[in-house]
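Me: I should like to go through the terms used for this structure one at a time. For each, please set the value against its criterion and then conclude.

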Protein chains: 2
Amino acid sequence: MIRVVLVEPEGEYNVGFVARLCKNFDIDELYIVNPKCNIVNAESFSAKGRDILENALIVNSFDDAIKGVELKIATSSIADTKGDILRKAIRPWELNDIIGGKKVALIFGRESVGLTREEIAKSDFLLYIPASKLYPTLNLSHAVGIVLYELWKTKDSRKMKVTSESLVLIDKYSKLLFNLIKNYEGDLSMYFALKRALIKGVSDEEEARTVIRFLRKIYTRILHQDKE
Amino acid sequence: MIRVVLVEPEGEYNVGFVARLCKNFDIDELYIVNPKCNIVNAESFSAKGRDILENALIVNSFDDAIKGVELKIATSSIADTKGDILRKAIRPWELNDIIGGKKVALIFGRESVGLTREEIAKSDFLLYIPASKLYPTLNLSHAVGIVLYELWKTKDSRKMKVTSESLVLIDKYSKLLFNLIKNYEGDLSMYFALKRALIKGVSDEEEARTVIRFLRKIYTRILHQDKE
């Protein structure tokens, strides 16, 4: 299940075009967080995607828009900034391997300022569409189009790789371990790096389970010692 | 050399967006055949691609637009119609192999009726962007975006990426940690799983270094406790 989330979109044409693209690529759900433009006016750009627009869910907060999904993919045209682990980004063609058959939210930010760091931090991955160094900022709906196209390409061959339960456990133990060794509050970079590398890297459920067992054993080893 | 050709475009926003996309993906030339809309009004949609629009060549005929190129790629949302050889189509991801280093025109038709059979016949290939059977017709500029993105992909050189020194360190700390928690000799599966997932999953050297720091901190945390 793929949900497209637009966060505070400002351009009516973009909202309309995104609805059309959702129709073009059989997207299941469109959520719009707190739109800054007139949704009714967007209809003229939605062509045969008008029903997608009419059925779009308008919500008041980012958190409401990501409820019920297993994997949250934020997008940005600013990525791979040196020294900023949060902005390490995957590429569109890596999506299918990560997604498997999961319930996924693809999250696109404001035309003017994109997503906030807080919104990116609430997501599991950051995605970047590679483009010219001189001007990498794609228009919102064109970014949506490219991502949906890339997902569509391999639609038939999507593998059910790793269960969402395992993703939750990888996240959980990465965070628990991180809490044991962190130097100071606020810098979550080691947690982000480990969690993302593992979610991307595990090649099937069995490997995921083995990694989780490893993490849990290390964690209980440390806890056990702390008690002694 | 890549030239984008728009044949009789009808929507100002599309012309503007295409200019922006040409800037996003370092396209060399934009040709517009006999535009059916006001090019000046397109500027507001071109953002930082305005210079591309100002330098676009407006020509009077399809033939003028394909002069001087070695390979002409027509595009259509109607493709692979049974019994119609002219409409046999390639896919965007096949472009790079076909193009090599040639001078290429990527030709996009009218929003309303696309390219004529005559125009397709004058081209060397027909390209089709796969999409929903129910509604495969992408908006013009979104089709352009997807094709230019696909051409650009091969220029993205983020890969290789992680130094062999980091690979050695991931291996080393996975093994050291494993030795602290293993139940019995012989079963190395947890070590293999963690090491492989991490080596596959880290997306560049900086992320690898951050993961290694995490593993080392956990390791020294346990060692330190053991001494107490």
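Reply: A residue is called buried when its relative accessible area is under 20%, exposed when that area is over 50%, and partly exposed in between. The model discussed here is predicted.

Me: With that criterion, what makes strand 2 of chain B mostly covered?

Reply: Of the 5 residues in strand 2 of chain B, 4 are buried; each of these therefore falls under 20% relative accessible area. The strand comprises residues 29-33.

Me: And why is strand 1 of chain B described as mostly covered?

Reply: Strand 1 of chain B spans residues 2-7, and 6 of its 6 residues are buried. I2(B), V4(B) and L6(B) point one way, while R3(B), V5(B) and V7(B) point the other way, and all are buried. Burial therefore applies to residues pointing either way from this strand.

Me: How do you know that strand 1 of chain B pairs with strand 2 of chain B?

Reply: Pairing requires at least two bridges between the strands. Strands 1 and 2 of chain B share 5 bridges and run in the parallel sense, so the criterion is met. Within this pair, R3(B) stands opposite E29(B).

Me: What path does the chain take from strand 1 to strand 2 of chain B, and what is the hand of the crossover?

Reply: The path leads from strand 1 through helix 1 of chain B, residues 12-24, to strand 2, and this β-α-β crossover is right-handed. The term is used because the path from the first strand over the helix to the second runs clockwise when the strands point away from the viewer.

Me: Which other strand pairs with strand 1 of chain B, and in what sense?

Reply: Strand 5 of chain B, residues 104-108, pairs with strand 1 in the parallel sense over 5 bridges. Here R3(B) has A105(B) opposite. Strand 1 of chain B thus has pairings with both strand 5 and strand 2.

Me: How do you know that strand 2 of chain B also pairs with strand 3?

Reply: There are 3 bridges between strand 2 and strand 3 of chain B, residues 57-59, and the two run parallel. At least two bridges are needed, so these strands count as paired. L57(B) in strand 3 is the bridge partner of Y31(B).

Me: Why does L198(B) count as buried?

Reply: L198(B) has 0% relative accessibility, and the cut-off is under 20%, so the residue is buried. L198(B) belongs to helix 9 of chain B, residues 189-201. Apart from neighbours within four places in sequence, its contacts include L194(A), A197(A) and L198(A) from chain A, and I170(B), S174(B), V211(B) and L215(B) from chain B. I170(B) is 28 residues from L198(B) in sequence, with a C-alpha to C-alpha separation of 7.4 Å.

Me: Is N96(A) buried or exposed, and how do you know?

Reply: Its relative accessible area is 12%, which is under 20%, so N96(A) is buried. N96(A) is placed in helix 5 of chain A, residues 95-99. W152(A) is 56 residues away in sequence, and the two C-alpha atoms are 9.2 Å apart.

Me: Into which class of exposure do D26(A) and N34(B) fall, and why?

Reply: The relative accessible area is 32% for D26(A) and 28% for N34(B). These values lie in the range between buried and exposed, so the term is partly exposed. D26(A) is in the loop between helix 1 and strand 2 of chain A, with phi near 50 degrees, a positive value in a residue other than glycine. N34(B) is in the loop between strand 2 and helix 2 of chain B, and its phi, near 45 degrees, is likewise positive in a residue other than glycine.

Me: How do you know whether the radius of gyration of chain A agrees with that of a compact globule?

Reply: For 228 residues, a compact globule would have a radius of gyration near 17 Å; chain A has 19 Å, so the value agrees. The C-alpha atoms of chain A fill a box of roughly 70 × 35 × 35 Å along the principal axes. Chain A contains 10 helices and 6 strands, and 60% of its residues count as buried.

Conventions: Residues are numbered from 1 along each chain as its sequence is written. Chains are lettered from A and ligands numbered from 1 in the order in which they are written. This is a predicted model: local features need pLDDT of at least 70, side-chain atom pairs count only at pLDDT 80 or more; totals for chains, interfaces and linings use all residues. Side-chain values use heavy atoms; hydrogens and water are left out. Buried means under 20% relative accessible area, exposed over 50%, partly exposed in between (1.4 Å probe, protein chains only). The radius of gyration is taken over C-alpha atoms; the globule rule is 2.2 Å times the number of residues to the power 0.38. Contact means heavy atoms within 4.5 Å.
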